[in-house]
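Here are some friendly notes to read alongside the structure. Take the points one at a time, and find each residue in the viewer as you go.

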Amino acid sequence: MRKLLEAWRPYLTVFRLRALQETQYRAAALGGLVTQVFFGLVYIFLYTALFDGSDPQMLRDTITYVWIQQMFFRMMFSSDNELSNLIMSGGVAYMLVRPVDQHRFWVCRDVGGRLVAALMRLIPMLAVQFLLPAELRMAPPDGPLSLVQFVLSLLIGCVCLCELMSIIDAVVMQTLDKRGISAILNLTMMTFSGNVIPLTLFPDGLQTLIRYQPFAQALDAPIRMYQHAASLPEWLLNVGVQIVWILALRAVGRFMWRRRLNDMIVQGG
């Protein structure tokens with residue numbers, strides 16, 4: 001156990017340092033809070049205007065879905081450019097002398113930044129809920145079990161998302177320009193993670209496909225558990241899908257990182 005802790009010490013340290021660094025951006029967190037509340041209300045007014053009145057519970061679930069997606073928007077779309085800046089400036093040479101697993105090091109850093117950034121918006125937005133009219137508030141979780149399932153699934157989903165981002169970093173090492181791949185990824189993620197339209201509103205015939213694709217594992221899967229507590233077999237299936245995607249993305253990411261680090265061209269001088 002002690003050897004395991006020693007081996008993970010650098011990765012836990014970078015997780016902690018990145019988390020502390022994220023807490024310094026208080027003004028950005030305040031601006032993000034205002035933005036997310038504004039867009040949350042816009043989406044809710046839009047869905048309410050389009051609601052046909054046939055199923056009030058569906059509207060209630062949609063409002064809850066919108067608020068949770070806005071609370072964790074920063075987790076989905078983090079703006080840490082440290083690695084890409086190192087690649088573009090040539091500072092990546094200093095990164096390579098660290099006696100650590102580079103892929104794991106940057107994934108742990110990414111996890112720390114995304115979780116703390118989300119918490120800095122989550123807590124104030126929960127407080128905002130008490131200031132809103134009852135019909136605009138998010139619903140409480142389905143129960144204690146639902147809340148536990150939601151938190152565990154959200155943590156796993158964050159790791160899944162960071163493993164996906166590591167593949168993007170490997171592409172940047174090759175292309176030396178992240179604008180193209182980032183634009184494609186952001187559009188795809190906003191569509192298939194539920195940030196444009198809740199995935200529960202897609203046609204029934206697409207639900208199975210859209211529910212188990214990788215982008216849905218970061219936020220859509222946890223939200224479903226928040227709204228409706230899953231039975232043990234269903235919960236294990238949902239978490240199993242998330243873990244399978246983590247392993248698959250990690251395998252691809254590590255392969256790409258290994259190839260790029262073995263053939264790295266250092267820019268600058």
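1. Let's begin with the aromatic rings. Please keep in mind that this is a predicted model. How many aromatic pairs does the count come to? The total is seven aromatic pairs.

2. One of these pairs joins Phe-38 and Phe-39. Their ring centres are 5.4 Å apart, and there are 80 degrees between the planes. The pair is edge-to-face, because planes over 60 degrees apart fall in that class. As for its surroundings, Phe-39 is partly exposed, and its relative accessible area is 39%.

3. Now look for Phe-72 and Phe-150. Their ring centres lie 6.1 Å apart with the planes at 70 degrees, so this pair is edge-to-face. Where do the two residues sit? Phe-72 is in the loop between helix H3 (56-71) and helix H4 (73-76), while Phe-150 belongs to helix H8. The pair therefore ties together parts that are 78 residues apart in sequence.

4. Is Phe-72 buried or exposed? Phe-72 counts as buried, with a relative accessibility of 6%. Phe-150 is buried too, at 7% relative accessibility. Both labels follow because buried means under 20% relative accessible area. Tyr-226 comes into the picture as well: ring pairs link Phe-72, Phe-150 and Tyr-226 into a cluster.

5. Helix H8 (residues 144-175) also meets helix H7 (residues 102-129). Their axes come within 9 Å and cross at roughly 130 degrees. That angle makes H7 oblique to H8, and the crossing is right-handed. Why oblique rather than roughly antiparallel? The roughly antiparallel class needs an angle over 145 degrees, and roughly perpendicular covers 65 to 115, so an angle of roughly 130 degrees belongs to neither.

6. Which residues make this contact? From H7 come His-103, Val-107, Asp-110, Val-111, Arg-114 and Leu-115. H8 contributes Leu-155, Cys-158, Val-159, Leu-161, Cys-162, Glu-163, Met-165 and Ser-166. Sorted by character, the residues of the contact of H7 with H8 are nine nonpolar, two polar and three charged.

7. Finally, turn to Ala-27, which is found in helix H2 (residues 26-50). Ala-27 has a relative accessible area of 66%, so this residue is exposed; the label applies because exposed means over 50%. How far apart are the C-alpha atoms of Ala-27 and Ser-54? They are separated by 42 Å, and the two residues are 27 residues apart along the chain.

Note on methods: Residues are numbered from 1 along each chain as its sequence is written. This is a predicted model: local features need pLDDT of at least 70, side-chain atom pairs count only at pLDDT 80 or more; totals for chains, interfaces and linings use all residues. Side-chain values use heavy atoms; hydrogens and water are left out. Axes are lines fitted to C-alpha atoms, for helices over the stretch in contact, and angles run from 0 to 180 degrees between N-to-C directions. Helices (H or I, at least four residues) and strands (E, at least two) are DSSP runs, numbered from the N terminus. Angles under 35 degrees count as roughly parallel, over 145 as roughly antiparallel, 65 to 115 as roughly perpendicular and the rest as oblique. A crossing is left-handed if the near helix is turned anticlockwise from the far one by less than a right angle, and right-handed if clockwise. Contact means heavy atoms within 4.5 Å. Ala, Val, Leu, Ile, Met, Phe, Trp, Tyr, Cys and Pro count as nonpolar, Asp, Glu, Lys and Arg as charged, and the others, Gly among them, as polar. Rings of Phe, Tyr and Trp (its six-membered ring) pair if their centres lie within 6.5 Å; planes under 30 degrees apart count as stacked, over 60 as edge-to-face and the rest as tilted. Buried means under 20% relative accessible area, exposed over 50%, partly exposed in between (1.4 Å probe, protein chains only).
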